[in-house]
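Me: Could you walk me through the cores and sheets of this protein, with the cut-offs spelled out?

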Amino acid sequence: MADIVLNGICKSYANRFQAVKDFNMEIKDKEFIIFVGPSSCGKSTTLRMIAGLEQISAGELYIDGKLVNHVEPKERDIAMVFQNYALYPHMTVYENMAFALKLRKLPKAVIDQKVKEAAGILGLEDLLRRKPKALSGGQRQRVAMGRAIVRNPKVFLMDEPLSNLDAKLRVQMRAEISKLHQRLGATMIYVTHDQTEAMTLGTRIVVMKDGIVQQIGTPKNLYDAPANLFVAGFIGSPRMNILEAVCLRSKEKEKRAELLFCGSRILLPEEKSEKLLKMYEEKSVVIGIRPEDLCEGRSENDMVMKAKVDVYELAGAEAYIYFTLGENEMVARVSPQTEVRVGDEINLYVNSRRIHLFDKETGLAI
């Protein structure tokens, strides 16, 4: 396997549109990296530049220590799994998986061994004689991955491989891809617009917007410490509650800051107050509250917020209450045993230690 270094990678087109701007990252051997972001953010373009399917406009790309900017795709020792599977319809599963090995003119015995090994890993042994039209979507995706595995490449690239599957199959295939990564010990780069896939699969996640990397980190790091408002709103489901507040110094406790918004007040702990008061006293800031930090349960650090229930949504092991605070649409995660009806007014408690703070002008985390 291999490490990958992207040094100032850019992609511009003839109409001067910049799809990717100054992408810098070092991907270690055996990492599972996720590129995530909304449509047209540059994630697939970056993947295709790594694959050699798109020319790099500026910057340097290294695979296993070798500069590959002008190296042909077939010489980069990578394998790519596409969204649409890209299987040959007239070939059997066995022939699809063996095709690249036949082009290399490997001995038949070696090809047979590699195909059957990959089929065993992916549970395709009983499907080798079938053609793609006789397979389900999940089975076709496993064949596409098997075709990549037999080549034993340095790097696996996956471009939204699960987007054509139904919800149940996506969950199943996520687990299979995760186990596959652990079993192969491979370097993998995976593109998706689905933040749930990103959070469950990746060892590290790259969040992109408008061709620019917003943040790189572990799933926990991105969830607990988003670098800016975009990452805060993009990572997490349901999304973080975002609203504007005024920062004031507490009259009762001078070392602590109060946040005033929509008729509610939250007293921040000292560790969050010092920097805030130094830079933002009597100024507006943006606060972020995760749905699970806005709930019925409380501790000594919680502050109360009154909410009139607009929607109550039961989701099995948890439930969500949707309400409006001023002009802000909010959501709180509560116990499924909570007995409320639409129109009820209830008390919700905010964990003040878990509040996220952002600069109103720049959107950057404070």
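Reply: Happy to; here is the background, followed by questions and answers. This is a predicted model, in which local features need pLDDT of at least 70 and side-chain atom pairs count only at pLDDT 80 or more, while totals for chains, interfaces and linings use all residues. Residues are numbered from 1 along each chain as its sequence is written, and side-chain values use heavy atoms, leaving out hydrogens and water.

Me: Which residues touch the most other members of the largest nonpolar core?
Reply: A nonpolar core is a set of buried Ala, Val, Leu, Ile, Met, Phe, Trp, Tyr and Cys residues joined through side-chain atoms within 4.5 Å. Buried means under 20% relative accessible area (1.4 Å probe, protein chains only). Of the 45 residues in this core, those touching the most other members are Ile-34, Met-97, Met-145, Ile-177 and Tyr-190.

Me: Which strands stand at the edges of the open sheet β2-β1-β4-β5?
Reply: Strands are DSSP runs (E, at least two residues), numbered from the N terminus, and two of them pair if DSSP finds at least two bridges between them. The four strands of this sheet pair antiparallel. One side of each edge strand is left without a neighbour in the sheet because each has a single partner, and these strands are β2 (18-27) and β5 (66-67).

Me: Which residue in β4 stands opposite Leu-6?
Reply: Strand β1 (residues 4-12) and strand β4 (residues 58-63) run antiparallel, joined by five bridges. Across from Leu-6 in β4 is Leu-61.

Notes
Buried means under 20% relative accessible area, exposed over 50%, partly exposed in between (1.4 Å probe, protein chains only).
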